Amino acid sequence: NALNGRPVVRFASSQQQYLSLPGLMAGATSGEVFVVAKSQLASSTRNGLWRFGSSGGLTGYPNPGGGIDDDFGSVATRAFPASRFPINSFNLYNISAGSGLWRAATNGEPQFETATNTVGFNPNPTLGWNKAGAASDFFDGDVAEIIVFDRTLTNFEREAVGAYLNSKYAFAPSSVFEKSRPGLPNADSDG
């Protein structure tokens, strides 16, 4: 299990494998997450990537219709179509959440945005499992890396993180993250 020669974490829903994370977003009033992930499922089954929000609803990467349901940093679950990038290939999935802002992107390309958001983070986040009431869904796929910030990033910072992760894992053409901003750090530099 590798991406660009680097190990990845494989989650198998049949094995009900997941990671319990510490309450790293406790008290946060905004946040941003980046994950380099690949779903083994393209559609028809809900695939529970994580539980970071406090909506209490089920999330899915993908959901049964092939789109995405997510509630990172929110008390509401957002449902939106999948991007043009195949969800069963490695991509950089990114969510920015703050008061009055919730935005999702894949490989730096916007997928969904709303100016309506009430911030809410789950006190017991998980990676590879999504539970809502009696229902739960485990993730079937691979995660190469996840980075979580306790604030939303500037556009320049967001592009820098995308360029860094792409230089490390080579999941998209490098031009995807070159937004005419010279000097973005990469995995092989000290910057």
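**View 1. Helix 1 and the lining of the largest pocket.** In this predicted model, helix 1 gives the most to the lining of the largest pocket, a share of 4 residues. The pocket has a volume of about 240 Å³, and 13 residues line it. Look for Asn94, Ala105, Gly108, Arg158 and Glu159, which lie nearest the centre of the pocket. Two or more lining residues come from each of strand 9 (91–98), strand 10 (101–106) and helix 1 (155–169). By character, the lining divides into 5 nonpolar, 4 polar and 4 charged residues.

**View 2. Strand 5 and its two partners.** Here we follow strand 5, where 9 of 9 residues are buried. Both of its faces are covered. Gly31, Val33, Val35, Ala37 and Ser39 are buried on one side, while Glu32, Phe34, Val36 and Lys38 are buried on the other. Strand 5 pairs with strand 9 in the antiparallel sense, over 7 bridges, and in this pairing valine 33 stands opposite isoleucine 95. Strand 15 also runs antiparallel to strand 5, joined to it by 8 bridges. Along that pairing, valine 36 stands opposite glutamate 145.

**View 3. Arginine 10 and aspartate 142.** A search of the whole structure finds 10 salt bridges, and this view shows one of them: arginine 10 with aspartate 142, whose closest N and O atoms are 2.5 Å apart. The two residues come from distant parts of the chain, 132 residues apart, with arginine 10 in strand 3 (residues 9–11) and aspartate 142 in strand 15 (residues 141–149). Which of the classes, buried or exposed, fits aspartate 142? Aspartate 142 has a relative accessibility of 2%, so it counts as buried. Arginine 10, by contrast, is partly exposed, with a relative accessible area of 38%. Lys38 belongs here too, since a network of salt bridges links Arg10, Lys38 and Asp142.

**View 4. Arginine 46 and its two aspartates.** This close-up centres on arginine 46, whose side chain meets that of aspartate 69 in a salt bridge of 2.7 Å, N to O. Because arginine 46 lies in the loop between strand 5 (31–39) and strand 6 (50–53) and aspartate 69 in strand 7 (residues 68–70), the pair ties together parts that are 23 residues apart in sequence. Arginine 46 and aspartate 69 are both buried. A salt bridge of 3.8 Å, N to O, also joins the side chains of arginine 46 and aspartate 137. Aspartate 137 is in strand 14 (residues 135–138), so its pairing with arginine 46 ties together parts that are 91 residues apart in sequence. Aspartate 137 is buried as well, with a relative accessible area of 17%.

**View 5. Aromatic rings.** The count comes to 14 aromatic pairs. One of them, phenylalanine 11 with phenylalanine 139, is edge-to-face, at 6.1 Å centre to centre and 65° between the planes. This pair links strand 3, home of phenylalanine 11, to the loop between strand 14 and strand 15, where phenylalanine 139 sits 128 residues apart from its partner. Both phenylalanines, 11 and 139, are buried. Tryptophan 50 and phenylalanine 72 form a tilted pair, with 6.4 Å centre to centre and 50° between the planes. Tryptophan 50 lies in strand 6 and phenylalanine 72 in the loop between strand 7 and strand 8 (78–80), so this pair ties together parts 22 residues apart in sequence. Tryptophan 50 and phenylalanine 72 are buried. Finally, see how Trp50 and Phe72 join Phe52, Tyr61, Tyr93 and Phe121 in one aromatic cluster.

Definitions and conventions. Residues are numbered from 1 along each chain as its sequence is written. This is a predicted model: local features need pLDDT of at least 70, side-chain atom pairs count only at pLDDT 80 or more; totals for chains, interfaces and linings use all residues. Side-chain values use heavy atoms; hydrogens and water are left out. On a 1 Å grid over the protein atoms alone, a cavity is a set of points where a 1.4 Å probe fits but cannot get out, and a pocket is an open set with protein on both sides within 12 Å along at least five of seven lines; lining residues have an atom within 4 Å of a point. Grid points are joined across faces, edges and corners, and a volume is the space filled by probe spheres set on the points. Ala, Val, Leu, Ile, Met, Phe, Trp, Tyr, Cys and Pro count as nonpolar, Asp, Glu, Lys and Arg as charged, and the others, Gly among them, as polar. A salt bridge is a side-chain nitrogen of Lys or Arg within 4 Å of a carboxyl oxygen of Asp or Glu. Buried means under 20% relative accessible area, exposed over 50%, partly exposed in between (1.4 Å probe, protein chains only). Two strands pair if DSSP finds at least two bridges between them. Rings of Phe, Tyr and Trp (its six-membered ring) pair if their centres lie within 6.5 Å; planes under 30 degrees apart count as stacked, over 60 as edge-to-face and the rest as tilted.
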